[in-house]
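Here's a walk through one protein model, starting with how its strands are put together and ending with a few odd spots in the backbone. Keep the structure open beside you as you read.

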Amino acid sequence: MIFLSEWIKACTLEQVKEGQLFGFTHDNTKILLANLKGKILATDLICTHADADLSTGFLSDEGVRCPLHLSVFNLENGKPQNLPAETSLKVYNVKIDDNEIYVEI
Ligand code: FES
């Protein structure tokens, strides 16, 4: 089976400043962008535990903390660091070109 991916334009670099979270939807894919110490990372936007928008959560060195039940997800591998979430977020490749952020979905 062949999986085809595509690079989509998410937003400009200025829209995700250091320490900030940014959520957007492309077709039916909801994606979270985070600027962790200058590095842009992309994961699923919706928490794997329940229907919480992680862009309204809290970003720290450990990752993004869900605003609803406070699980923290590592943004490099998507893994939850504490209960109640047990399922990893999907992580996406990111590239930056000419001040625009692109995500491979
Ligand atoms: S909805 Fe995120 S930890 Fe429960």
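Before we start tracing, one bit of vocabulary: two strands are said to pair if DSSP finds at least two bridges between them. Keep in mind, too, that this is a predicted model. With that in hand, take N93, which stands opposite E104 in β9.

Let's zoom out for a moment. The protein has 9 strands and 0 helices, so its elements, read from the N terminus on, go β-β-β-β-β-β-β-β-β. Its radius of gyration is 13 Å, close to the 13 Å that the globule rule gives for 105 residues, so the protein is as compact as a globular protein of that length. Along the principal axes, the C-alpha atoms fill a box of roughly 40 × 40 × 20 Å. Buried residues account for 27% of the 105 residues. If you look at contacts between residues at least 6 apart in sequence, 39% of them join residues at least 24 apart.

Now back to β9, which is a handy place to begin. Strand β8 (residues 91-97) is joined to β9 (residues 100-104) by 5 bridges, and the two run antiparallel. Besides the N93 and E104 match, V94 has V103 as its bridge partner in β9. These two strands make a hairpin with 2 residues between them. Strand β1 (residues 7-12) is also joined to β9 by 5 bridges, again antiparallel. Here I8 has V103 as its bridge partner, so V103 is worth finding on your screen: it is a bridge partner of V94 and of I8.Which way do the side chains of β9 point? I101 and V103 point to one face and are buried, while E100, Y102 and E104 point to the other and are not. That fits a general habit: in a regular strand the side chains alternate between the two faces of the sheet.

On its other flank of pairings, β8 also meets β4. Strand β4 (residues 39-44) pairs with β8 in the antiparallel sense over 2 bridges, and T43 stands opposite V91 there. V91 is found in strand β8. Is V91 buried or partly exposed? V91 has 18 other C-beta atoms within 10 Å, and it therefore counts as partly exposed; the buried class begins at 20. Setting aside neighbours within four places in sequence, V91 is in contact with A42, T43, N77 and G78. V91 and D44 are 47 residues apart in sequence, yet their C-alpha atoms are 6.6 Å apart in space.

A second group of strands is worth tracing separately. Here 3 strands form an open sheet in the order β5-β6-β7, with antiparallel pairing. The edge strands are β5 (58-60) and β7 (72-73), each of which pairs on one side only. Strand β6 (residues 63-65) is joined to β5 by 3 bridges, and the bridge partner of F58 in β6 is R65.

Next, the inside. The largest nonpolar core has 22 residues, and those touching the most other members are I31, L32, L33, A34, A42 and V64. At least two residues of this core come from each of β3 (29-36), β4 and β9, and β3 gives the largest share, 4 residues. To see how I31 sits, leave aside its neighbours within four places in sequence: I31 is then in contact with A10, F24, H26, A42, D44, L45, Y92 and V103. There's V103 again, this time as a contact of I31.

Finally, the backbone oddities. Most residues other than glycine have a negative phi, and most peptide bonds are trans. Where does the model depart from that habit? L70 has a positive phi of about 70° although it is not a glycine. You'll find L70 in the loop between β6 and β7, and it counts as partly exposed because it has 14 C-beta neighbours inside 10 Å. D98, in the loop between β8 and β9, isn't a glycine either, and its phi is positive at about 55°. With 6 C-beta neighbours inside 10 Å, D98 counts as exposed. As for the peptide bonds, the one from L83 to P84 is cis, with omega near 10°. P84 belongs to the loop between β7 and β8.

Definitions and conventions:
Residues are numbered from 1 along each chain as its sequence is written. This is a predicted model: local features need pLDDT of at least 70, side-chain atom pairs count only at pLDDT 80 or more; totals for chains, interfaces and linings use all residues. A residue is buried if 20 or more other C-beta atoms lie within 10 Å of its own, exposed if 12 or fewer, and partly exposed in between; C-beta atoms are placed from the backbone. A nonpolar core is a set of buried Ala, Val, Leu, Ile, Met, Phe, Trp, Tyr and Cys residues joined through C-beta atoms within 7 Å. Two residues are in contact if their C-beta atoms, placed from the backbone, lie within 7 Å. The radius of gyration is taken over C-alpha atoms; the globule rule is 2.2 Å times the number of residues to the power 0.38.
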